[in-house]
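Subject: Structure for your review

Dear colleague,

Please find the structure below, followed by notes on its domains and its internal space.

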Amino acid sequence: MGNLKLKGKDILKLGYPNNQSVNVALEVMKRNFATKNIHYVKSLLKEILIHPEQFEKDLTFGQIAETLLSSKKTEKRMLNSQRADFQIFGNNISEEAKNQLYTALKLPVSVQGALMPDAHSGYGLPIGGVLAVENAVIPYGVGMDIGCRMSLSILDTPVSYLNGARDKYEKALAEHTKFGMYETHKSHIDHEIFDRDTFDLIPILRRLKGKAIKQMGSSGGGNHFVEFGEVEITEEDEQIGLPKGKYLGILSHSGSRGLGAEIAQYYSRVAVEQCPLPKEAQQFAWLDLSTHLGLEYWTAMNLAGDYASACHDDIHRRLVKAVGGRVKARIENHHNFAWKETHNGKEVIVHRKGATPANENELGMIPGSMTAKGFIVRGKGNPDSLNSASHGAGRAHSRGECRSLFTQNDIKKELKLKDVTLMGGNTEEAPMAYKDIYEVMNAQNELVDILGTFQPRIVRMDR
């Protein structure tokens, strides 16, 4: 980290008030200028002290400027006694998941909430939870895997090739997909995302850029997958532009990898320091979007979302190159994100943690399990769900329960029954771990129209 010999008393001597601004200045300068001359660092600090308003929007110095301009104490926020308006879709939802939403609805910034039919308990906002707030962003409301996506490529290859040349497709997945913490591709294409100056403006992003380059085009562990399967278009839609019928498809599910996880961890910790809440609500600590830290997280979150999208582009590019064919249509959507949207005539920040955006006419992909069909959908823009739908079938059993309930043999029987080849995977992701996707889809017919299905045939997951 360098050896900048800057101390709090040096900053006080420059004329800084004896408050939080000293600690903030010390942290920012040591983080960004560890190798610089102390006189140069002091001259910068003096300049910020004299004209803090000029540095308010600066991504490096904004936090110091903001602390100087504001002498607000960090006061504990109280919860409202009444919940904000909400709607729950579906019946098969645990009390724990509901209670997590109820707590979130009492935050002073909360405006409206909803729970999707695939909902189950998570950390902070439940998985399948949707929360609209005013001018704030909640890192744990977004979640750890920022911008986690579903991406479906529909190819012009005859679907019969999946059986006729199964070995070829298995080989492509084995050689061209990488999973988990340690697998990475040997070679990388230059992607425009790495040219963005955002990586240089925020210290944590600068530090993570190397890891992001290394993990480009790879997928996470857990429930992330890449699979070949049968797409059936049952309703024609001009956005998809394909006639009814069966097609070969590639479906991937993954997020922003180490980049997103570390952004989430860092800003969640910072939010808890900035926004003390009662114990039962502390995971809902938010960052005000009028502050430097809020703006910083918002910028980092959006970069992580774009990075996740770039990873899917790379996964699909590699596989299409390996198996041949042309992409006729692409359907994508993401969850674990926050969007600026207008609801009831008011701009709000909508968090969708494990929930899919389903604005009117917006296309999406909702998967089932490694053996169950997924659904290609078109959003109806239902205001009661804050224009949202489920992001999958949702877990019926926790990962811990799965380890004691199911065996590899149980999975093999189910795979054989549904004619699915599995590469990797474990009992935590057993098909039986998930709710019935048909029940989930029936519970959200007010939220989406079904345009088609995706039946997995060859599935690759982390080992």
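The domain bounds used here come from an automatic or database domain assignment. The model itself is predicted.

Under that assignment, the protein chain is divided into domain 1, residues 8-69, and domain 2, which is made of 149-255 + 307-331 + 358-461. Their C-alpha centres lie 46 Å apart.

How many residues of domain 1 are in contact with domain 2? There are 4, and they meet 4 residues of domain 2. The area buried between domain 1 and domain 2 is about 360 Å², and carbon and sulfur atoms give 57% of that area. On the domain 1 side, Arg31, Asn32 and Leu59 supply 89% of the area buried against domain 2; no other three residues supply more.

As for specific interactions, the rule finds 0 salt bridges across the interface of domain 1 and domain 2. It does find 1 residue pair in polar contact there, with both residues at pLDDT 80 or more. The residues of domain 1 that touch domain 2 divide into 1 nonpolar, 2 polar and 1 charged.

Turning to internal space, a search of the whole structure finds 1 cavity of 30 Å³ or more. The largest cavity holds about 30 Å³ of space. Which residues line the largest cavity? The lining consists of Phe225, Glu227, Leu251, Pro367, Gly368, Ser369, Ala372, Lys373, Gly374, Phe454 and Pro456.

Regards

Methods:
Residues numbered from 1 in each chain as written. Predicted model: local features only at pLDDT ≥ 70, side-chain atom pairs only at ≥ 80, totals over all residues. Heavy atoms only, no water. Contact = heavy atoms within 4.5 Å. Buried area = accessible area lost by both parts, 1.4 Å probe. Salt bridge = Lys/Arg side-chain N within 4 Å of Asp/Glu carboxyl O. Polar contact = N/O pair within 3.5 Å; in protein donor to acceptor, adjacent residues only side chain to side chain. Nonpolar A, V, L, I, M, F, W, Y, C, P; charged D, E, K, R; others polar. 1 Å grid on protein atoms, 1.4 Å probe; cavity = no way out; pocket = protein on both sides within 12 Å on 5 of 7 lines; lining within 4 Å. Points joined across faces, edges and corners; volume = space filled by probe spheres on them.
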